[in-house]
Each structure stands twice: as C-alpha cells, then as structure tokens.
Amino acid sequence: MRRDVFTPEHEMFRAQFRRFVAREIEPKVAQWNREHTTDRETWRRMGEEGYLGPCMPEEYGGGGGDFLYDAIVMEELAWQRAHGLMAAVHTSICMPYLVSYGSAEQKARWLPPAIRGDVLLGICMTEPGTGSDLANVQTRAIRDGDHYVLNGAKTFISLGQLGDLFIVVAKTDPAANPPHAGISLVLVAADTPGFVRGRKLEKLGLHAQDTSELSFQDCRVPVTNLLGREGQGFKMLMEKLQQERICIAVTAIASCRRALADTLDYVKQRHAFGQPIAAFQNTQFKLAELATQVEIGQAFVDRLLAAHVRGEDVVLEASMAKWWTTDLQRRLTGECLQLHGGYGFMLEYPISMDYADAAVQSIYAGTNEIMKVIIARRLGLG
Ligand SMILES: Cc1cc2nc3c(=O)[nH]c(=O)nc-3n(C[C@H](O)[C@H](O)[C@H](O)COP(=O)(O)OP(=O)(O)OC[C@H]3O[C@@H](n4cnc5c(N)ncnc54)[C@H](O)[C@@H]3O)c2cc1C
C-alpha cells in the first residue's frame with residue numbers, strides 16, 4: 001500500500017536527501033562505527049544542505065516545513081544504518097525546546113548556528129542514580145545573584161563529546177514538594193568553566209553514537225540561560241518527550257524494513273539441503289509474519305505522524321507506538337539474525353549490528369515499561 005502521509009513535496013525532499021546520504025554519509029558509516037564517533041564536517045554539511053531543521057522557522061534559517069520532513073531524515077538515516085549520526089537528538093528533540101520555550105534572545109543566539117550545524121545540541125536528563133524517575137534528579141542549579149551555579153553528574157548523554165550546548169535538567173528548588181515542581185531547564189554551553197566532559201561510554205551497539213558522562217562543578221551560567229520559567233522544567237519535558245518517542249517509533253520501523261529487506265535477499269541466496277533456505281516453510285512463515293507486523297506498525301506510525309502534525313494530543317498513541325515498534329524491532333532483528341545462521345553472528349554481516357543496535361530502542365526516551373505505565377494511566381488504571 002502506498003503511504004499517504006507524505007505529499008509530493010515531501011517525496012522530492014526524500015529523493016534529494018537519499019542522494020545526499022548515498023554520497024556523503026553511507027561511505028562514512030563503517031569508519032564512524034570503528035572510531036566510535038561521527039565527524040563535525042558531516043554535521044556541517046547536513047546543516048548547509050538544510051537537513052538539520054527542515055521544519056524549523058524560516059526566520060532562523062530553517063526550512064519552515066512540518067515534522068514529516070524530520071521523519072524523512074530519520075527514516076533515510078535508519079535505512080543506511082547511520083544511527084551514529086542521530087540527527088534527531090539535535091534537530092527533533094533539542095531544537096523544539098528552544099523554539100517553544102526559548103526567549104527571543106536565546107532563539108536568535110542559538111537556533112541559526114544549530115540549524116547550520118555549527119552548534120550541536122544535547123539534552124541532559126539522566127543521572128547515574130536516576131533515569132526513569134526523572135523527578136528525582138539530583139543536579140542542582142542554585143541561584144546566586146545573576147547566575148545559576150550548577151553541580152551534579154549526568155550520564156548516557158548523546159552527543160556528550162561533540163555537543164556544544166546542552167539543555168540541563170536541574171533542581172532550582174531542591175526542597176520543592178512535589179519534587180518535580182523544583183525542576184527547571186538551564187542552557188549550558190560546553191565552553192563554560194565547570195562544565196566537564198567525562199568518559200565516552202563503551203556500548204553494546206550504536207557504536208558511532210557518542211554517549212557520554214558529563215558533570216557540572218560549580219558551573220556558573222547567567223540567569224538568562226534559564227529556558228522557560230523556574231519550576232516548569234518537568235512540564236516542558238513531559239510535553240516534548242512525546243515527539244522524542246515518535247522519533248524512536250519512526251526509526252524502529254525504518255530499521256525493521258532494512259533488516260527485513262536484507263534478510264529476504266539473504267535467504268534467497270543461501271542454500272541448505274539442496275535448496276535456498278527461502279524454500280523452507282519455517283523461513284517463509286517467519287518472514288511472512290514479520291512483514292505483516294512491519295506493515296501494521298508502519299500504518300500505526302503513519303497515522304500517529306499525521307495526528308502529531310495536526311497538533312492532536314498523542315500522549316497515549318506515542319507511548320503505544322514507542323513500545324510496540326521497538327519491541328517488534330528487537331524480535332525482528334533476533335529472528336532475522338537466526339535466519340542468517342552463523343553468518344548472522346559475524347560482525348561483517350549488518351544483521352548482527354542491527355540486533356545489537358535494536359536493544360537500546362526499548363530503553364531510551366522512556367523505557368517500554370514506563371510507556372506501559374503511561375498507557376495504563378490513560379486507560380484510567382492506577
Ligand atoms: C545509547 C543511549 C543514549 C541515551 N541518550 C540520552 C540522552 O541524550 N539524554 C539523557 O538524558 N538520557 C539519555 N539516555 C538515558 C536513557 O534515557 C535512560 O537510560 C532511560 O530513561 C532509563 O533510565 P535508567 O537507565 O536509569 O534505568 P532505570 O530507571 O534504572 O530502570 C531500570 C529498569 O527498571 C524499570 N523501571 C523503572 N521504573 C519503573 C516503573 N515505574 N515501573 C516498571 N518498571 C520500571 C525500567 O523500565 C528498566 O527496565 C540514553 C541511554 C542510552 C543507553
């Protein structure tokens with residue numbers, strides 16, 4: 001079935017971006033995976049060509065389009081397994097905080113260089129002691145005259161080494177009751193004294209993606225770096241996490257498509273007992289089931305994308321899509337690896353990396369268990 005969520009303009013953008021990915025990204029993916037990082041030059045090229053902010057306001061240098069343009073970028077990068085680039089963290093997850101809650105001065109200062117790819121953005125929620133329980137963050141931003149003084153540690157931060165500006169979740173009122181009422185979002189530039197980059201973490205998958213520890217040691221930032229209002233941080237996070245979850249669902253289905261396509265090719269070429277393994281009924285049934293589930297998942301994600309672009313409340317459906325598509329991705333990559341036999345376990349076969357890369361999808365952006373907590377609440381349970 002033709003996907004009807006995209007217009008001809010979207011499809012032209014996709015064709016253009018696909019050519020860019022083939023020319024400038026795909027040749028670098030293996031090297032990025034080996035070196036455990038992406039490179040600034042590629043981010044700048046993405047910015048130059050208008051791929052970091054196709055849906056950002058035109059007055060700041062963005063494309064002025066809708067979120068579907070971002071979705072196209074995510075799908076094409078996922079298809080090429082360029083997960084390390086994770087443009088969505090910068091473009092679709094961090095930039096919207098600046099657009100929605102930034103002051104005129106913050107937007108004018110940070111959005112144009114971010115859209116150009118000169119300033120890379122990250123978001124620091126997770127700490128060594130707390131991830132899912134976000135209201136329990138211990139990082140503090142205590143007001144001292146015209147400054148906030150930040151102290152605390154963050155971990156698992158995407159773009160932790162390459163990033164230039166971070167949205168930091170911190171307590172401006174550590175005594176607030178309930179605790180989430182004491183949370184604020186503070187912008188911290190990486191060149192601020194007291195901002196310390198820690199270890200780049202070794203991971204099971206997503207090798208090219210830079211995931212790091214960061215800490216704040218008497219790190220002073222001007223009060224004008226507060227995003228939105230004091231004590232409103234948790235509310236802003238809850239609003240913006242919806243789009244983050246949609247991003248994960250979009251990439252999950254796109255990654256499933258790639259793993260499935262490669263496996264369909266493989267089973268036709270590999271022979272056992274005098275016939276292609278595609279001829280075994282087990283192979284056929286497994287792939288028939290998985291292809292069906294991918295189409296069903298895609299249909300739901302496309303409906304969700306359309307509703308999100310219309311501005312509907314999609315808290316329930318974003319949580320459903322996030323857990324279901326990433327659960328499918330984990331199962332699908334496992335089944336596809338199995339169909340590759342021993343070669344599936346070899347790193348030279350991309351399915352092995354697909355399997356490893358899938359594992360994190362059910363963990364970040366809110367674990368799948370937290371998604372079910374949200375769904376249950378929306379169903380009036382608990
Ligand atoms: C590659 C990678 C990139 C990341 N990038 C970022 C980033 O850029 N910025 C950032 O801030 N964070 C980032 N994270 C962190 C990620 O968002 C957290 O790991 C995630 O939110 C889970 O938190 P946790 O690891 O502390 O797990 P925990 O909260 O300790 O959870 C452990 C287990 O307990 C379960 N659990 C917890 N609470 C409940 C509950 N109420 N009911 C049922 N089960 C529950 C969880 O589902 C999970 O299975 C990244 C993580 C990874 C791995």
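This report looks at the ligand site, helix 11 and two single residues.

The model is predicted, so to speak of local features a pLDDT of at least 70 is needed, side-chain atom pairs count only at pLDDT 80 or more, and totals for chains, interfaces and linings use all residues. Residues are numbered from 1 along each chain as its sequence is written, and side-chain values use heavy atoms, with hydrogens and water left out.

**The ligand site**

Let's start with the ligand, which has 20 residues around it; a residue makes that list if one of its heavy atoms lies within 4 Å. The closest are Thr126, Ser132, Phe156, Thr367 and Glu369. By class, the shell has 11 nonpolar, eight polar and one charged residues (Ala, Val, Leu, Ile, Met, Phe, Trp, Tyr, Cys and Pro count as nonpolar, Asp, Glu, Lys and Arg as charged, the others, Gly among them, as polar). Strand 1 (121-124), strand 3 (147-158) and helix 11 each supply at least two residues of this shell. Helices (H or I, at least four residues) and strands (E, at least two) are DSSP runs, numbered from the N terminus.

Here are some N or O pairs between protein and ligand:

| Residue | Protein atom | Ligand atom and distance |
|---|---|---|
| Phe156 | backbone N or O | nitrogen, 2.8 Å |
| Ser158 | polar side-chain atom | nitrogen, 2.8 Å |
| Thr367 | polar side-chain atom | oxygen, 2.7 Å |

Taken alone, the ligand exposes 980 Å², and the protein buries 64% of that (Shrake-Rupley areas, 1.4 Å probe).

**Helix 11**

Helix 11 spans residues 368-378, and its buried residues are Asn368, Met371, Ile374 and Ile375. Buried means under 20% relative accessible area and exposed over 50%, with partly exposed in between (1.4 Å probe, protein chains only). The four buried residues sit on the same side of helix 11 because they cover an arc of only 110° around the axis, taken from the directions from the helix axis to the C-beta atoms. They pack against helix 7 (233-269) and helix 9 (315-339), where contact means heavy atoms within 4.5 Å. Exposed Glu369 and Arg377 are on the face turned away from the buried side. After the helix comes Gly380, with a positive phi near 85°.

**Two single residues**

Over in helix 7 you'll find Gln242, which counts as buried because its relative accessibility is 10%. Leaving aside neighbours within four places in sequence, Gln242 is in contact with Val314, Val315 and Ala318.

Gly194 belongs to the loop between strand 5 (183-189) and strand 6 (195-200). Not counting residues up to four places away in sequence, Gly194 touches Ser215, Phe216, Gln217 and Cys219. Gly194 and Arg220 are 26 residues apart in sequence, yet 7.3 Å apart in space, C-alpha to C-alpha.

Definitions and conventions
A polar contact is a pair of N or O atoms within 3.5 Å; within protein, one must be able to donate a hydrogen and the other to accept it, and residues adjacent in sequence count only if both atoms are side-chain atoms.
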